[in-house]
Amino acid sequence: MKKHGILNSDIARVLAQLGHTDSIVIADCGLPIPDHVERIDLALKLGQPSFVDTLQEILADMQVERAVFATECLAKNPTVAAQAEAMQSSGISIDFVSHEDFKQLCHKAKAVIRTGEASPYANIILHAGVIF
């Protein structure tokens with residue numbers, strides 16, 4: 001049994017298989033997930049696990065060079081907007097696209113991690129960096 005890091009075997013596997021610039025999505029419970037993209041469903045009940053808790057655990061275990069948010073989060077979800085600002089302050093490049101464009105970008109992801117989050121536009125695409 002692992003002592004540290006992500007315990008969920010599907011998430012641990014996906015993170016270990018990522019190459020430079022590959023992407024994963026952390027999604028609220030309402031984001032449509034393309035049929036051909038792996039779904040890792042963590043949703044336990046409405047609100048659990050939260051988007052922020054899930055994001056923080058993934059960021060602790062994944063080298064991220066770029067992240068994409070829906071522009072709409074800036075006006076509709078201050079918690080998610082604050083996460084974008086904090087990530088940018090830590091050196092991660094941040095992009096904003098329309099929610100419709102965001103959903104199209106999800107088609108290129110290796111996996112979508114579905115949380116129980118139930119607030120608007122609580123979604124992020126994380127692009128893998130390199131550790132060297």
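This briefing describes the sheet, one helix and the annotated sites of a predicted model. The structure is a predicted model in which local features need pLDDT of at least 70 and side-chain atom pairs count only at pLDDT 80 or more, while totals for chains, interfaces and linings use all residues. Residues are numbered from 1 along each chain as its sequence is written, and side-chain values use heavy atoms, with hydrogens and water left out. Helices (H or I, at least four residues) and strands (E, at least two) are DSSP runs numbered from the N terminus.

**The sheet**

- An open sheet of 6 strands, with mixed pairing, follows the order E2-E5-E1-E6-E3-E4; two strands pair if DSSP finds at least two bridges between them.
- Strand E2 (38–41) and strand E4 (93–97) stand at the edges with a single partner strand each, so one side of each has no neighbour in the sheet.
- On average, neighbouring strands of this sheet are turned by 20° against each other, direction ignored; axes are lines fitted to C-alpha atoms, for helices over the stretch in contact, and angles run from 0 to 180 degrees between N-to-C directions.
- Helix H1 (9–17) lies across E1, E2 and strand E5 (111–114), and runs at about 140° to E2.

**Strand E1 and its partners**

- Strands of a sheet pair through backbone hydrogen bonds, either parallel or antiparallel.
- E1 pairs with strand E6 (residues 124–128) in the antiparallel sense over 4 bridges.
- Within this pairing, Ile26 stands opposite Ile124 in E6, and Ser23 stands opposite His127 in E6.
- E1 and E5 pair in the parallel sense, again over 4 bridges, and Ala111 in E5 is the bridge partner of Ile24.
- Of the 5 residues of E1, 5 are buried; buried means under 20% relative accessible area, exposed over 50% and partly exposed in between (1.4 Å probe, protein chains only).
- Both faces of E1 are covered, with Ser23, Val25 and Ala27 buried on one side and Ile24 and Ile26 buried on the other.

**Helix H4**

- Helix H4 (residues 78–89) has 12 residues, which at 1.5 Å a residue should span 16 Å, and its end C-alpha atoms are 16 Å apart, in agreement; the expected span is 1.5 Å times one less than the number of residues.
- The buried residues of H4 are Val80, Ala81, Gln83, Ala84 and Met87.
- Seen down the axis of H4, these buried residues fall within an arc of 155°, so they line one face of the helix; the arc is that of the directions from the helix axis to the C-beta atoms.
- An α-helix has 3.6 residues a turn, so residues three or four places apart point the same way.
- Pro78, Glu85 and Ser89 are exposed on the face of H4 turned away from its buried side.
- The cover over the buried residues of H4 includes helix H2 (51–61), strand E3 (64–70), helix H3 (73–76), E4 and E6.
- Gly91, just after H4, takes a positive phi of about 100°.

**Annotated positions**

- UniProt positions are given in the numbering used here, feature names are shortened, and annotations may be inferred rather than shown by experiment.
- An unreviewed UniProt entry lists His20 for "active site".
- His20 lies in the loop between H1 and strand E1 (23–27) and is partly exposed, at a relative accessible area of 43%.
- Leaving aside neighbours within four places in sequence, His20 is in contact (heavy atoms within 4.5 Å) with Glu65, Ala128, Gly129 and Val130.
- The unreviewed UniProt entry places "binding site" at Asp28, His99, Tyr121, Ala122 and Asn123.
- These binding-site residues span 96 residues in sequence, yet no two of their C-alpha atoms are more than 12.9 Å apart, so they gather at one spot.
- Asp28 lies in the loop between E1 and E2 and is buried, with a relative accessible area of 9%.
- Not counting residues up to four places away in sequence, Asp28 touches Arg114, Thr115, Glu117, Ser119, Tyr121, Ala122 and Asn123.

**Two glutamines**

- Gln48 sits in the loop between E2 and H2 and is partly exposed, with a relative accessible area of 37%.
- Gln48 touches Leu42, Ala43 and Gly116, not counting residues up to four places away in sequence.
- The C-alpha atoms of Gln48 and Thr115 are separated by 6.7 Å, although the two are 67 residues apart along the chain.
- Gln56, in helix H2, counts as partly exposed at 41% relative accessibility.
- Between the C-alpha atoms of Gln56 and Gln83, 27 residues apart along the chain, the separation is 9.5 Å.
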